[in-house]
Amino acid sequence: MGYQHCFARYAVGMVAYPILVGRIIKRGNSGLSLTSQLLHVVLFSLRYADTESWSTQAFVQMQWAAARVIVFVGAIAVPIAMAYRARTSGRTIFSRANISKVLCEMLKYIVPAFLIAYRFNYTSFSWAFNTTSRQQTPSGSIFSTLLDYFSIEDLVNMDERQAYEVAWSTSIYLAAIADIPQYITYYRHVQDRIDWWLVSSLALVALGRVLYMVHWVSRYAQYQVFDYISFSGGIVQVIAFCLFLALVVSKVSDVLDDNDKDLEAHMEEFDARWGQFSEAEMPIFDLEKK
């Protein structure tokens, strides 16, 4: 049962990115964030960096490998489609100025995700489980604790397997916040109509995280194994999407209400300026043939 739930997460991802590509081809890049799309490429690159786990010894592993490739290709296809659509419109999204701006924006999300993953992961130097593996800092010494947290000793001494664990943890934390630039961009762009192509794609990504959380609840019920990294990241991602959806619906509703009020105001102004026919003045049209 757990496997079906987890594979469903990949199935949802395989649908979300083609929908977004189709939306770009049909309607262009308006309301889309290049930062978010490139963050998705980065997080999947980190998550699937351990190619040794792509073993094809069993049929199930072949399904996993195929699903990973499809999702990764789909994530890469989105910024490529954005670049192609912009070029057909006589513009470019990969100019030097724009790339510098996007990279700076990406670092605002990648750096915090890495800093959290550096100390909260499944390695021997994780602060979540191995508090005795690091020097105990004096009680109340915040400065010493920060020095210990940001020490590069563990980073330099980690082996290949530990590096993959940190990369995977970074991808999970990054996935929780990677869509925030997209939420901000679309909220600023939306007016009186919701772009259901884009919202559906974002909803499918969030749904994939919900299915993954259900998978880990099932795993915990069966084997008492709990992935706190995936679960906590999923909670943040789902809450962020729910807030985004509520804000977008509220903004669209406000815009429609304002449009209705403007229409009523114009009608009242018209009536005040030109007046209305009374019953006595109402013209009578005699259409009966004589």
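These legends go with close-up views of a predicted model.

**View 1. The whole chain, built from helices.**
Start with the overall plan: the protein chain has 10 helices and 0 strands. Walk along the sequence and you get the pattern α-α-α-α-α-α-α-α-α-α. The chain counts 290 residues, and buried ones make up 39% of them. Now look at who touches whom. Take the contacts between residues at least 6 apart in sequence: 78% of these join residues at least 24 apart. On the outside, the chain exposes about 17,500 Å², with carbon and sulfur atoms supplying 63% of that area.

**View 2. The largest nonpolar core, with 50 residues.**
In soluble globular proteins, nonpolar side chains tend to be buried together. Which members of this core touch the most other members? They are Phe44, Val78, Met82, Leu174, Tyr186, Phe244 and Val248. Plenty of helices pitch in: helix 1, helix 2, helix 3 (59-88), helix 4 (96-119), helix 7 (160-177), helix 8 (180-189), helix 9 and helix 10 (228-274) each supply at least two residues. Helix 3 gives the largest share of this core, 9 residues. Apart from this core lies another one, made of 5 residues, including Val12, Ala16, Leu204 and Leu211.

**View 3. Leu174 and the residues it touches.**
Zoom in on Leu174, one of the core members that touch the most others. Leave out residues up to four places away in sequence, and Leu174 touches Leu39, Val42, Leu43, Tyr109, Ile110 and Ala113.

**View 4. The largest cavity, about 220 Å³ in volume.**
Rolling a probe the size of a water molecule over the atoms shows where empty space is left. A search of the whole structure turns up 2 cavities of 30 Å³ or more, and the largest has a volume of about 220 Å³. It is lined by 18 residues, and the closest to its centre are Arg9, Tyr17, Phe44, Arg47 and Val205. Phe44 may ring a bell: this residue is also on the list of core members that touch the most others. Which helices each supply at least two residues of the lining? Helix 1 (2-27), helix 2 (34-47) and helix 9 (196-223) do. Helix 1 gives the most, with 6 residues. Sort the lining by class and you find 11 nonpolar, 4 polar and 3 charged residues.

**View 5. The second largest cavity, about 50 Å³ in volume.**
Here the lining is made up of Tyr17, Leu20, Gln37, His40, Asp179, Ser201, Leu202 and Val205. Helix 1, helix 2 and helix 9 are the elements that give two or more residues to this lining. Which helix gives the most? Helix 9 does, with 3 residues. By class, the lining divides into 4 nonpolar, 3 polar and 1 charged. Keep an eye on Tyr17 and Val205, which line this cavity and are also among the residues closest to the centre of the largest cavity.

**View 6. The second largest pocket, about 440 Å³ in volume.**
This last view moves on to a pocket. Of its 18 lining residues, Ser33, Leu34, Thr35, Lys101 and Thr185 are the closest to the centre. Helix 2, helix 3, helix 4 and helix 8 are the elements that give two or more residues to the lining. What is the mix of classes in the lining of this pocket? The residues divide into 8 nonpolar, 6 polar and 4 charged.

Technical notes
Residues numbered from 1 in each chain as written. Predicted model: local features only at pLDDT ≥ 70, side-chain atom pairs only at ≥ 80, totals over all residues. Heavy atoms only, no water. Helix = DSSP H or I, 4+ residues; strand = E, 2+ residues; numbered from the N terminus. Buried < 20%, exposed > 50% of the residue type's maximum accessible area, 1.4 Å probe, protein only. Contact = heavy atoms within 4.5 Å. Areas by Shrake-Rupley, 256 points an atom, 1.4 Å probe, with all protein chains shown as cover. 1 Å grid on protein atoms, 1.4 Å probe; cavity = no way out; pocket = protein on both sides within 12 Å on 5 of 7 lines; lining within 4 Å. Points joined across faces, edges and corners; volume = space filled by probe spheres on them. Nonpolar A, V, L, I, M, F, W, Y, C, P; charged D, E, K, R; others polar. Core = buried A, V, L, I, M, F, W, Y, C linked by side-chain atoms within 4.5 Å.
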